Amino acid sequence: MRQLLAAHKSTRIVFAVVTLAIAIAGVVTNFSLSARALAAFDHQLKLRDSDQFMVSGRYTDAQLASRGTHDGPALSGQIGPLVTALLPASVEVHQIAFRQSSIDTNAGPLPVRLVQASTRFLNTIGATPPPPVDWKNSSQICAIGAIASDRLSLNEGDDARLDGRICKLGARLNIPDAMPFMGLSDAIFVPRGVSEFATDVAVGWSLYLRAPAGTLSETQLRSSMSLIFNVEYFQIWSGATVAARAERLKTIVLLIANSLGFVILFVGAAAIGSLMSFSVSERAKEIAIKRTLGASKRQIVSEIICEALLIGCMAILIGLILGYFLSQRMEEPLLEFMQLGSEQIGDLIVVPIVQTVALFLIISALAGAIPGWRASTEDPAVVLRKS
């Protein structure tokens, strides 16, 4: 390796390797961040598989929302059956409640999210295993999400002391991260009486609606509910809206990532191309002497290509290491918004980086081959007379 690079000035090699390494690090970081974003958008695009909605309201708006027929607690108790009666039979309606509580642990009281949910709702969101058989009829049994279980060091069969009251953990639930319930695995679930375990005051209610894809639009939902409600006082989250936005953002991210990757690659190509061009020009006399002594054009070109590839490989190795650590640091602030495991984004990162590295090696070879071929075809006698 030292013999191959001996003809190059050390300062020029260092400059080229550093420049190329920075370019490679930029490519790695670019595709790592964009891959995480694309994986998150693909996750959101799954919402197209069914029509999903979250409808929520506040107790303080209950009389206005129900046109004076219900107060907060009354509407909360009736909203599920009322909405079910207004919609087609194919629409699943799940009433859920979210509250905050405090749980006693060996490390002291810790905040925990409470969710009041039915067995049917837990089955709908893919929670496994199913809650205990007597889940619906008990106010002393609860279940814990896998993330909350690990965070609080609690497991199935343990007693959980929530706001001074005890419930027995009847199950440890594994819950897939899927919108609109990202992070739901970090919660404790109760079948009813969530207010009895909560430290905060109930301020509202929520409905989760799910229907086969293409059977219920937000416009249809609002129209049906407006028969007995003033929907201006409800907040409606639509999965179709999220999926449409994700599709647009995915196109934008792909365009930016590919354009930025091309620009970075172009900078790297210019750097190694300039290095090899200057080097071969300075070594014109050396190459002419080798040709006079019997070296073939192929040998000259092969030697210069090897030099370019060696410099390129050094830069790639340094750039990959630097890019890995840089992308890890830059991804940390994004994890809150793009909570996806590495198994979901592995191919999205590896494939474009491997393609870029392969293309960069081809560029390195060309950066050596073009000036090398030009120098090997010059008449050695003419070159030596000029020098």
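**View 1. The stretch from residue 340 to residue 344, where confidence is low.** In this predicted model, pLDDT stays under 50 over residues 340–344. For this stretch, the model has 6 contacts beyond four places in sequence. As a backdrop for the views that follow, the protein chain averages a pLDDT of 84, and 92% of the residues score at least 70.

**View 2. The disulfide between cysteine 142 and cysteine 167.** Searching the whole structure turns up 1 disulfide, and here we look right at the pair. The sulfur atoms of cysteine 142 and cysteine 167 lie 2.2 Å apart. This pair joins distant parts of the chain: cysteine 142 belongs to strand E4 (residues 141–145), while cysteine 167 belongs to strand E6 (residues 165–173), with their positions 25 residues apart in the numbering. If you like to check torsions, the angle about the S-S bond is 80°, and the link is right-handed. Are the two partners buried or exposed? Cysteine 142 is buried, at a relative accessible area of 0%, and cysteine 167 is buried too, at 1%.

**View 3. Cysteine 306 and cysteine 313, a pair without a bond.** Why is there no bond between the sulfur of cysteine 306 and the closest cysteine sulfur? That closest sulfur belongs to cysteine 313 and is 10 Å away, which is too far for a bond. Seen from the other side, cysteine 313 is in no disulfide, and its nearest cysteine sulfur is that of cysteine 306. As for accessibility, cysteine 306 is partly exposed, with a relative accessible area of 40%. Cysteine 313 is partly exposed as well, with a value of 41%.

**View 4. The salt bridge of arginine 99 and aspartate 200.** The model holds 10 salt bridges, and the side chains shown here form one of them, with an N to O distance of 2.9 Å. Where in the chain do arginine 99 and aspartate 200 sit? Arginine 99 is in strand E2 (residues 92–105), and aspartate 200 is in the loop between strand E7 (188–190) and strand E8 (204–212). The two are 101 residues apart, so this pair links distant parts of the chain. Their surroundings are worth a look: arginine 99 counts as buried because its relative accessibility is 7%, under the 20% limit. Aspartate 200, at 30%, counts as partly exposed.

**View 5. The salt bridge of lysine 168 and aspartate 159.** In this view, the closest N and O atoms of lysine 168 and aspartate 159 are 3.1 Å apart. How accessible are the two residues, lysine 168 and aspartate 159? Lysine 168 is partly exposed, at 42% relative accessibility. Aspartate 159 also counts as partly exposed, at 46%.

**View 6. The salt bridge of glutamate 303 and lysine 290.** Our last stop shows two side chains, those of glutamate 303 and lysine 290, meeting at 2.8 Å from N to O. Here a pair of helices is linked: glutamate 303 comes from helix H10 (residues 297–331), and lysine 290 comes from helix H9 (residues 284–292). The two residues are 13 residues apart and tie together distant parts of the chain. Glutamate 303 is partly exposed, at 26% relative accessibility, and lysine 290 is partly exposed with a relative accessible area of 26%.

Methods: Residues numbered from 1 in each chain as written. Heavy atoms only, no water. Salt bridge = Lys/Arg side-chain N within 4 Å of Asp/Glu carboxyl O. Helix = DSSP H or I, 4+ residues; strand = E, 2+ residues; numbered from the N terminus. Buried < 20%, exposed > 50% of the residue type's maximum accessible area, 1.4 Å probe, protein only. Disulfide = S-S within 2.5 Å. pLDDT = per-residue confidence, 0-100. Contact = heavy atoms within 4.5 Å.
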